[in-house]
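Dear colleague,

Please find below the structure that I am handing over to you, together with its sequence. My notes on what was found in it follow directly after.

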Amino acid sequence: VAVGDFRTKSEAMEFLQKGACTNTSNIFPRIMNCPSCNKTVQASRAGRFRCTNCKAIISIGEDGSISLG
């Protein structure tokens with residue numbers, strides 16, 4: 001969850017009060033090696049990213065798992 005994920009302050013406060021926030025602070029930012037070219041890359045959140053070296057698309061799960069595509 002990022003700051004820009006909420007349209008209003010009240011929406012963000014409701015989310016926090018429900019305790020719906022998952023604790024990804026232990027996982028992200030994550031420093032890892034690209035599975036294609038082995039260059040060190042960093043991800044600040046889960047999602048799909050492109051390696052700056054080989055341009056491969058890397059998928060990073062909420063649990064920190066890494067895969068190509």
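I begin with a pair of facing residues: Asn33 stands opposite Thr40, which belongs to strand β2. Please bear in mind throughout that this is a predicted model.

The strands on either side of that pair are β1, which covers residues 30–33, and β2; they run antiparallel to each other and are paired over four bridges. Together they form a hairpin with six residues between the strands. Asn38 is located in this loop between β1 and β2. Its phi is positive, about 75 degrees, although Asn38 is not a glycine. In general, most residues other than glycine have a negative phi, and most peptide bonds are trans. Asn38 counts as exposed because its relative accessibility is 53%.

Ile31 is also part of this region, as a member of strand β1. Is Ile31 buried or exposed? With a relative accessible area of 58%, Ile31 is exposed. Apart from neighbours within four places in sequence, Ile31 is in contact with Thr40, Val41 and Gln42. The C-alpha atoms of Ile31 and Ala43 are 6.5 Å apart, while twelve residues separate the two positions along the chain.

For the overall layout, the protein has one helix and five strands. Their order along the sequence is α-β-β-β-β-β. Of its 69 residues, 19% count as buried. The exposed surface of the protein comes to about 5,100 Å², and 50% of this is supplied by carbon and sulfur atoms. If one takes the contacts between residues at least 6 apart in sequence, 19% of them join residues at least 24 apart.

The interior deserves a separate paragraph. The largest nonpolar core consists of nine residues, namely Phe28, Met32, Cys34, Val41, Ala43, Ala46, Cys51, Ile58 and Ile60. Strands β2 (40–43) and β4 (57–60) are the elements that each give two or more residues to this core. Ile58, one of the core residues, has contacts beyond its neighbours within four places in sequence; among them are Cys34, Val41, Phe49, Cys51 and Ile66. Outside that selection, Ile58 also touches Pro35, Gly47, Arg48, Ser67 and Gly69.

Two of the core residues are cysteines, Cys34 and Cys51. What does a search for disulfides find in the whole structure? The search finds zero disulfides. Cys34 is in no disulfide, and its nearest cysteine sulfur, which belongs to Cys54, lies 3.8 Å away. For Cys51, likewise in no disulfide, the nearest cysteine sulfur is that of Cys37, at 3.7 Å. The sulfur atoms would have to be within 2.5 Å to count as a disulfide. As for accessibility, Cys34 has a value of 2% and therefore counts as buried. Cys51 is buried as well, with a relative accessible area of 1%.

Strand β4 also contains Ser59. This residue has a relative accessible area of 17%, so Ser59 counts as buried. The side chain of Ser59 reaches the backbone oxygen of Gly69 at 2.9 Å. Not counting residues up to four places away in sequence, Ser59 touches Gly47, Arg48, Ser65, Ile66, Ser67 and Gly69.

Finally, I draw your attention to two further points of backbone geometry. Where is the cis peptide bond that joins Phe28 and Pro29, in terms of the position of Pro29? Pro29 lies in the loop between α1 (9–18) and β1, and the omega of this cis bond is about 0 degrees. Phe28, on the other side of the bond, is among the nine residues of the largest nonpolar core.

The second point concerns Lys55, a residue other than glycine with a positive phi, near 70 degrees. Lys55 is placed in the loop between β3 (47–50) and β4. With 48% relative accessibility, Lys55 counts as partly exposed.

With kind regards

Definitions and conventions. Residues numbered from 1 in each chain as written. Predicted model: local features only at pLDDT ≥ 70, side-chain atom pairs only at ≥ 80, totals over all residues. Heavy atoms only, no water. Core = buried A, V, L, I, M, F, W, Y, C linked by side-chain atoms within 4.5 Å. Buried < 20%, exposed > 50% of the residue type's maximum accessible area, 1.4 Å probe, protein only. Contact = heavy atoms within 4.5 Å. Areas by Shrake-Rupley, 256 points an atom, 1.4 Å probe, with all protein chains shown as cover. Pairing = 2+ DSSP bridges. Polar contact = N/O pair within 3.5 Å; in protein donor to acceptor, adjacent residues only side chain to side chain.
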